[in-house]
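Dear colleague,

I am passing on the structure we spoke about, placed just below, and after it you will find what came out of my reading of it. Please look through the model alongside the notes.

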Amino acid sequence: MNITLLTTTITTLVSTPLSTLTMALTHTEIVYGIFGIVLIIALLLDLGLMSKKGKEISIKQASIQTAFWIGLSLAFWVFVWYENGSNAATKYISAYLMEWSLSIDNIFVFILIFAAFKVKESDMGRALLIGILLAIVFRILFIAVGIGLIDRFHWVMYIFGAFLLYTGIKLFAQKESHEFNMMDSKFFKWIQRALPFTDEEPMGKYVIKRNGKKFFTSLTLVVIVLAVTDIAFALDSIPTVVSLVKDSPNAAFSSSDILVIYSSNIFAILGLRSLFFLLRGAANKFRFLQQGIAFILIFIGVKMLIEFFHIHIPIGISLGVIVLCVGISIAASIMIPVKEESPTTEQP
């Protein structure tokens, strides 16, 4: 890098009045800058005040944190409406609600992960937060790759549509989608061979030093598994959000579209940790949510495929379908009682 050029640039920025510098920035740069500042401040508040290490998270704290993240997401929705108009705001809230409903479904798997590794209550909050932050990094990379592919090869959208249609039908037909044995997975066995792990009690630590050597604890493995699990969920959520935001397969992504895709994903994922502690005791009560999400995936898959015939479904209708499916599935889960299994007669 040219040192003289760098020095001149820094001197110019320092000497330039703030008002002039603001005028030099484009509207898109200002919006992205505000999003980044809000995100950093929110993370600092979450890390510093609302998720202290080694502290159990109560239902009251989880409720406050959930309200904080939902309120922040809705405030950004108002900001998008003010800056980019009602169409962009409708895209944002549609994508956010879709990600939020998928987050509820993810809680089932997170509960199984913590149970499989016997994670203590006091270690769950920080482990879940670190895993989610890693997942955000990977999602940002995947979204960038996905947008690049779709911009260059428009027909990729039809592949995504077929994949979502297949996934939705398969998910709708499944009786239980959350049963798995983490200990038997190939990834679990590979990561144990690749990194030095110890069976010693972690005591809230991620790395333990013994005899001059560093060993990773089970909490490190939990964080890795949480991040990888969220990446697996992203295979459904990212194509879904992209299809909601993109007007047609041949249309180019606008700066507003890209902002909506990133912000809706990030806000929904960051609110997942507090939602986990709020709903984990009642997660099994949302037993029809799986079918609601499956129907949304089928709808969006069909929406992407019929674009081939130049049939476009407005974003307002997509938002209505998402709200209706999630609302009906949650209401049905609450109102329809669980059928009690009849007691079997014991054989002598």
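L141 is partly exposed, with a relative accessible area of 49%, where buried means under 20% relative accessible area, exposed over 50%, and partly exposed in between (1.4 Å probe, protein chains only). L141 belongs to helix α6 (residues 121–152); helices (H or I, at least four residues) and strands (E, at least two) are DSSP runs, numbered from the N terminus. Together with L134, V137, F138 and F142, L141 makes a nonpolar surface patch of about 420 Å². Patches are made of residues with over 30% relative accessible area and no salt bridge (a side-chain nitrogen of Lys or Arg within 4 Å of a carboxyl oxygen of Asp or Glu), with like charges joined within 9 Å and nonpolar side chains (Val, Leu, Ile, Met, Phe, Trp, Tyr) within 5 Å; accessible areas come from the Shrake-Rupley method with a 1.4 Å probe, and for residues only the protein chains shown count as cover.

Please bear in mind that this is a predicted model, in which local features need pLDDT of at least 70 and side-chain atom pairs count only at pLDDT 80 or more, while totals for chains, interfaces and linings use all residues. Residues are numbered from 1 along each chain as its sequence is written, and side-chain values use heavy atoms, with hydrogens and water left out.

S73, in helix α4 (residues 59–84), is buried at a relative accessible area of 0%. Leaving aside residues up to four places away in sequence, S73 touches Y92, Y96 and F267, contact meaning heavy atoms within 4.5 Å. The side chains of S73 and Y96 are also joined by a polar contact of 3.4 Å (a pair of N or O atoms within 3.5 Å; within protein, one must be able to donate a hydrogen and the other to accept it, and residues adjacent in sequence count only if both atoms are side-chain atoms).

A234, in helix α9 (residues 218–245), is likewise buried, at 3% relative accessibility. A234 lies 9.3 Å from I143, C-alpha to C-alpha, although 91 residues separate them in sequence.

As for confidence, the protein chain averages a pLDDT (the predictor's confidence in each residue, from 0 to 100) of 77, and residues 1–24 stay under 50. Over residues 344–348 the pLDDT is also below 50, and this stretch has 0 contacts beyond near neighbours in sequence. Where pLDDT is low, the predicted coordinates should not be read in detail.

With best wishes
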